[in-house]
Amino acid sequence: ANFYIKLNFDVMECIFCHKDSSSSKSIEHIIPESLGNKHHVLLAGYVCDECNHYFAIKIEKELLAQPYFISMRFRNEILTKKGKLVKEKMIFPDALKSCEVTMQTTNDGLIASLEDKELYRLIKSGKTRTMIAPYIPAPESPNTIMSRFLTKCAYEYFLYNMGEDKYNLCVQELLGSEVDILKDLREYARYGKGKYWQYNQRRIYSEGDCFFNQNENSIYEILHEMKFFVKEYKRYPNGYVEAEIYFIMSIAGIEYAICISDPDISEYQKWLEEYEGDSPLTDDAETFSFALSDMNPILIKKDDNRIY
């Protein structure tokens, strides 16, 4: 006997709430635009307007408001969604004052901008010459907002990784309301349900490190990258495969890893010990070229004792 499955592509279904999202207009960024992401996006309808708004306000906005992300975006001059520089509160010890400042690299060097007229006069007259910034090397961990952000990214990347021509089929057969193979991951990301989803966090290269890719014959800085990593799998006689899959993402040199099917991260940590800290994100075609942190001292170097 032959069995047929009718796939209905006329009505779109949000991958998070499973409601009709056919009229939704939001384009979902897997990593926020405010962290420099312009390319890793899901087309309108795959994440409905309501879920898109929820993640933007309840997860991403709170994440970006954490001290590390303010500091990282400030020193890397990552613009906001509206194209503005991020402000960081600086201390001016000579004037016994603090003030929000923006910094921008120009041909004439780093230029600081501030709105405090009294401080401006003191700086111009040479009465205050020192400005102190907080030096925050990594997000606080464990961190529930970061945990939910990572599960949200992993769930969306599962669809993105399938390729745009297979989006509808993936939703119908894997992420839709009828099957929902990553239900625990989805419900934790969208609703905060279930156990706390553990993740592993570590710095794997410095902010501002630039790499040469021999396949592409180009030099570039990696702001963020992501992939799925299959630690091990079992193949059964009936053809089914059981795999242990991890979502690995790096932002500004810090690697974050979660298991997509289980809140426990201990097996990945064992793998790191076994392979002496290698990263699944390592690309054999890439070699370190130079570090922007050697030219700009406000960037964090991986081997800089100050970060400890």
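In this predicted model, the largest pocket has a volume of about 740 Å³. Its lining comprises 22 residues, of which Ser34, Lys61, Leu64, Arg73 and Lys81 are the closest to the pocket centre. Three elements, β1, α1 and α2, each give two or more residues to this lining. The largest share, six residues, is supplied by α1.

A search of the whole structure also finds one cavity of 30 Å³ or more. The space in the largest cavity amounts to about 40 Å³. Its lining consists of Asn76, Tyr205, Ser206, Glu207, Gly208, Glu221, Ile222, Leu223, Ala252 and Gly253. The two spaces are set out below.

| Space | Volume | Lining residues |
|---|---|---|
| Largest pocket | about 740 Å³ | including Ser34, Lys61, Leu64, Arg73 and Lys81 |
| Largest cavity | about 40 Å³ | including Asn76, Tyr205, Glu221 and Ala252 |

Helix α1, which provides six residues of the pocket lining, spans residues 49-64 and has a kink of about 35° centred on alanine 56. The buried residues of this helix are Cys51, Asn52, Phe55, Ile59, Glu60, Leu63 and Leu64. Leu64 is thus named both among the buried residues of α1 and among the residues closest to the centre of the largest pocket. The cover over the buried residues of α1 includes β1 (28-29), α2, α4 (144-160) and α6 (183-191).

Helix α4, part of that cover, contains glutamate 156. This glutamate has a relative accessible area of 0% and is therefore buried, the cut-off being under 20%. Apart from neighbours within four places in sequence, glutamate 156 is in contact with Ile15, Phe16, Glu28, His29, Ile30, Leu42 and Val47.

Helix α2, another part of the cover over α1, comprises residues 67-75 and lies across β3 and β4, at about 80° to β3. These two strands belong to an open sheet of three strands in the order β3-β4-β5, paired in the antiparallel sense. The edges are formed by β3 (88-92) and β5 (109-114); each has a single partner strand, so one side of each is left without a neighbour in the sheet. On average, neighbouring strands of the sheet are turned by 50° against each other, direction ignored. Strand β4 (residues 97-106) makes six bridges with β5 in antiparallel pairing. Threonine 105 stands opposite leucine 110 in β5.

Definitions and conventions: Residues are numbered from 1 along each chain as its sequence is written. This is a predicted model: local features need pLDDT of at least 70, side-chain atom pairs count only at pLDDT 80 or more; totals for chains, interfaces and linings use all residues. Side-chain values use heavy atoms; hydrogens and water are left out. Two strands pair if DSSP finds at least two bridges between them. Helices (H or I, at least four residues) and strands (E, at least two) are DSSP runs, numbered from the N terminus. Axes are lines fitted to C-alpha atoms, for helices over the stretch in contact, and angles run from 0 to 180 degrees between N-to-C directions. Contact means heavy atoms within 4.5 Å. The bend at a residue is the angle between axes fitted to the seven residues ending there and the seven starting there. Buried means under 20% relative accessible area, exposed over 50%, partly exposed in between (1.4 Å probe, protein chains only). On a 1 Å grid over the protein atoms alone, a cavity is a set of points where a 1.4 Å probe fits but cannot get out, and a pocket is an open set with protein on both sides within 12 Å along at least five of seven lines; lining residues have an atom within 4 Å of a point. Grid points are joined across faces, edges and corners, and a volume is the space filled by probe spheres set on the points.
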